[in-house]
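Reader: Could you walk me through how the helix packing terms are earned here?

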Amino acid sequence: MSTRSRLSLMMFLQYFVWGAWFVPFATYLTRNGLQDNVGTIYSAQGWAAIAAPLFVGAIADRYFAAQKVMGILHVFAGVLLFVLSTIGANAGTMFMATLGVLLAYMPTIALSNSVALNVLTDSEKQFPAIRVFGTIGWIVAGLIVGFVLPGEAGHWFPDAGHAERTAQPLLLAAAVSIVYGLYAFTLPNTPPQAGQGRTSVVALLGLDVIRTSDRSFWVLILCSMLMMIPFSFYNVYANPFLDDIGVDNAAAVQTIGQVSEVGFLLLLPLFFRWVGIKGVLFIGMAAWAVRYVLFANGFTADGPITPIIYAGLALHGVGFDFVFVAATIWIGNHFAADARSRAQSFLALMTWGVGYLIGSNVANAVQVGTGTGADWQSFWYLPAAFAGVTALVFLVAFRNRGEKVAAAA
């Protein structure tokens, strides 16, 4: 296989593992007596996202080859996923096991990027075409969970259905994670990138960029972190919601969001040209409010209103790309090369770490308070209102003076 093909397969497997178990996991928890703890268990991803840069920066990036660390972590994660599938309705044990899986998995996202970028000759042109296979892997995982895995009755394709309610997705992800871990040892060698001198937690988390940041940076950081709260409502509870209102093959249906994500990622440069970075970010934040209003009105007592549900799912590409991808791009353009990676680390810390940690626990509290069934309407209206208010705050407060200064220069 060519190097490009091997890296594309790496990205495919990297995100196949995540999509295979993390999307339907909330439904599995709900159907196994842990419906009041789903958001709390999902908050393990926030803790893992905070720990990941510390592990990569202090250990993996300084002493060991990236592909070997990635291989060991994925084998370990695969074993823990098997363990996860055997735990009953014990919230504490389930949280710790989930945290173990994510502590092993989250660092491999940065490590897989390092392996790819280390061998590419023109990363700006070559990396997106390789990274897109990660999204394809996520989509394929959802289709397999929805259409292939045996459901509650134990029948295989074409009689599959409701596999989200079983441990089958966990077992699938566990098997693929172990295979991927072994495959990782064959990837191009990526020696330690950092020196072995002293380092600090402040630098690894990007906290030192605070000293040179301006108002536009802080508005972006704050609003991006706040937008992680409505994002968490979707990331944690979308699959149980779809399953509860009667959407067949919910995990497969959710891949509409990833297909949309690919499409709007390709359209992002055009929107930058048409409405500018501020307009793109505002549209993305407003899209979260619109999609949750659609979810709140996308079902009746007789079942889902399919066009409305599909439209809400399709807005995922706008919401995700125009907020979180656009924020990453703005950070990359706003800081000088010597501070750029630390600023990105701080953005990741505040969004996927702090923001997701708060959001998943808030979503859990709201879900426990509203329940399921007809109360899904109340459940979705809250993040809709929150996203709408955040979008308006961003529109008023974000000035983006740095971009104007750069343009003038």
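**How H1 packs**

Author: Sure, starting with handedness: H1 passes H6 in a left-handed crossing, meaning that the near helix is turned anticlockwise from the far one by less than a right angle, with clockwise being right-handed. This is a predicted model, where local features need pLDDT of at least 70, side-chain atom pairs count only at pLDDT 80 or more, and totals for chains, interfaces and linings use all residues. Residues are numbered from 1 along each chain as its sequence is written, and side-chain values use heavy atoms, leaving out hydrogens and water.

Reader: Why are H1 and H6 called roughly antiparallel?

Author: Helix H1 (residues 3-22) and helix H6 (residues 91-119) pack at about 160°, their axes 11 Å apart. Angles over 145 degrees count as roughly antiparallel and those under 35 as roughly parallel, so H1 and H6 are roughly antiparallel.

Reader: What makes up the contact of H1 with H6, by class?

Author: There are 16 nonpolar, six polar and no charged residues.

Reader: And how do you know that H1 is roughly parallel to H5?

Author: The axes of H1 and helix H5 (residues 66-84) cross at roughly 20° and come within 13 Å; that angle makes H1 roughly parallel to H5. The contact (heavy atoms within 4.5 Å) is made by Met10, Gln14 and Trp21 of H1 with Met70, His74, Leu81 and Leu84 of H5.

Reader: Which residues does Trp21 touch, not counting residues up to four places away in sequence?

Author: Among them are Leu81 and Leu84, along with Thr98, Val101 and Leu102.

Terms used. Axes are lines fitted to C-alpha atoms, for helices over the stretch in contact, and angles run from 0 to 180 degrees between N-to-C directions. Helices (H or I, at least four residues) and strands (E, at least two) are DSSP runs, numbered from the N terminus. Angles under 35 degrees count as roughly parallel, over 145 as roughly antiparallel, 65 to 115 as roughly perpendicular and the rest as oblique. Ala, Val, Leu, Ile, Met, Phe, Trp, Tyr, Cys and Pro count as nonpolar, Asp, Glu, Lys and Arg as charged, and the others, Gly among them, as polar.
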